[in-house]
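Me: I'd like a close look at one part of this structure, the lining of a pocket. Please start there and then carry on to the other places you would show a colleague.

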Amino acid sequence: MSRPHISILLPVRNGSRTLRRAVESCLAQTFRDFELLLVNDASTDETPELVRSFAAADPRVVPLKASGGLISALQTAHEAARAPLLARMDADDFAYPDRLSEQAAFLEKNQDVAACGTQVRILGSGHGETPREGFSRYESWINALTAPEEISRERFVESPLVHPSVMMQREAFEACGGYRDPGWAEDYDLWLRMLEKGMRLAKVERVLLDWSDGPDRLTRTDGRYSLLQFMRAKAHFLGRMSAVRSRGVIIAGAGPTGKQLAALLREENVTVHAFIEVHPRRIGKKIAGIPVWEEARVGEAGALLPVALSAVGQPGRRQTIREFFAGRGYIEGENFFCFA
């Protein structure tokens, strides 16, 4: 049996309500040379019967079983996959007909790209409902990040690729160690490991996936996807950067996000030299032993100055802080990063 060009990894647990729509969107792809690895993760509803029926009706569907949760199911799918390209899909999402063809063509043309996502449309739980406000802002942000340089630069703002929209070079995926369970989101962990190794991530500039923001989604029910764990992942990978370890950081913003970031960085043995603030009541004081400086104390970027971080979440402030540090010679993605 010849191996397919693409292996689609689709884990599902108790997804009978949405699975048919998701699977049929995969089987209707204009690109036909794929296998669909459908992993039933200990479902207790009608999902097992649906998986068997799909496999009986289409030889491209490979039924698999797992029982250890999402990461175990993804690892099961990866072990069974035969293709050089790995694509992700979730049981409550919908792939547009040209998704696989567009991504395969993109990776063929850009062979230096390790993983390629797509732009997405985020839907509410009713497949057409308006998503929650935070996800609407995330949709605008994530769809604007398409080039590898943009994705690398903003890696610490949020997860820069929507997991079920991604297609990866299998060789790059395995070189990073595949999926693991570090205590935070497995996909964000993978993107940060890829970027840490200097791999390039990109996005097809078309909406090719409807991404469901349902109440049962793991991002809403599993502690690994909490805001705290996302921040912990950011601090962990930032703390592994040589410039950060040798020079420490200064943090723009001494609000809740900045204080939490400082605490997590200290857990990673990173020196936090100061908070940078514009609030007059905070300037000159100390927060958890860290001095609060006014902006005027920030010098021109140089080889020995700390790495600068922005942890201000108010709308519009990210760009203001970018301009402030750029005016002092800082380069975003090298010695300056946004965290909010």
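Reply: Happy to. In this predicted model, the lining of the second largest pocket divides by class into 10 nonpolar, 7 polar and 4 charged residues. The space in this pocket comes to about 300 Å³. Its lining has 21 residues, and those closest to the centre are Gly-253, Glu-277, Val-312, Gln-314 and Arg-317. Two or more lining residues come from each of α12 (256-267), β10 (272-277) and α13. Helix α13 gives the largest share, with 5 residues.

That helix is a good way into the strands. Helix α13 covers residues 317-326, and together with β13 and β14 it makes a right-handed β-α-β unit. Strand β13 (residues 307-310) has two faces: Val-307 and Leu-309 point one way, Ala-308 and Ser-310 point the other way, and all four are buried. On β13 there is also pairing with two other strands to follow. Strand β9 (residues 249-252) pairs with β13 in the parallel sense over 4 bridges, and there Ala-252 stands opposite Ser-310. Strand β14 (residues 336-338) is likewise parallel to β13, over 3 bridges. In that pairing Ser-310 stands opposite Cys-338. If you want one residue to centre your view on, Ser-310 is a handy choice, since it stands opposite Ala-252 and also opposite Cys-338.

Now for a closed space. Searching the whole structure turns up 1 cavity of 30 Å³ or more, and about 40 Å³ of space lies inside the largest cavity. Its lining is made up of Ile-8, Cys-26, Gln-29, Ala-87, Arg-88, Met-89, Ala-95, Arg-99 and Leu-100. The elements giving two or more residues to that lining are β4 (85-88) and α4 (99-109). By class, the cavity lining has 6 nonpolar, 1 polar and 2 charged residues.

Cys-26, one of the lining residues, leads us to helix α1. Within α1 (residues 19-27), the buried residues are Leu-19, Ala-22, Val-23, Ser-25, Cys-26 and Leu-27. Among the elements covering them are β1 (6-12), β2 (34-41), α2 (47-57), β3 (61-66) and β5 (94-95).

Two loops in this region are worth a glance for their backbone. Asn-14, in the loop between β1 and α1, has a positive phi of about 50 degrees although it is not a glycine. Ala-42, in the loop between β2 and α2, is also not a glycine and has a positive phi of about 55 degrees. Asn-14 counts as partly exposed because its relative accessible area is 38%, and Ala-42 is partly exposed because its relative accessibility is 37%.

Let me finish at another loop residue. Cys-176 sits between α7 (170-175) and α8 (186-196), and it is buried because its relative accessible area is 8%. Apart from neighbours within four places in sequence, Cys-176 is in contact with Leu-190, Arg-193, Met-194, Lys-197 and Met-199. From Cys-176 to Arg-232 is 56 residues in sequence and 20 Å in space, C-alpha to C-alpha.

Definitions and conventions:
Residues numbered from 1 in each chain as written. Predicted model: local features only at pLDDT ≥ 70, side-chain atom pairs only at ≥ 80, totals over all residues. Heavy atoms only, no water. 1 Å grid on protein atoms, 1.4 Å probe; cavity = no way out; pocket = protein on both sides within 12 Å on 5 of 7 lines; lining within 4 Å. Points joined across faces, edges and corners; volume = space filled by probe spheres on them. Nonpolar A, V, L, I, M, F, W, Y, C, P; charged D, E, K, R; others polar. Buried < 20%, exposed > 50% of the residue type's maximum accessible area, 1.4 Å probe, protein only. Contact = heavy atoms within 4.5 Å. Pairing = 2+ DSSP bridges. Right-handed = clockwise from strand over helix to strand, strands pointing away.
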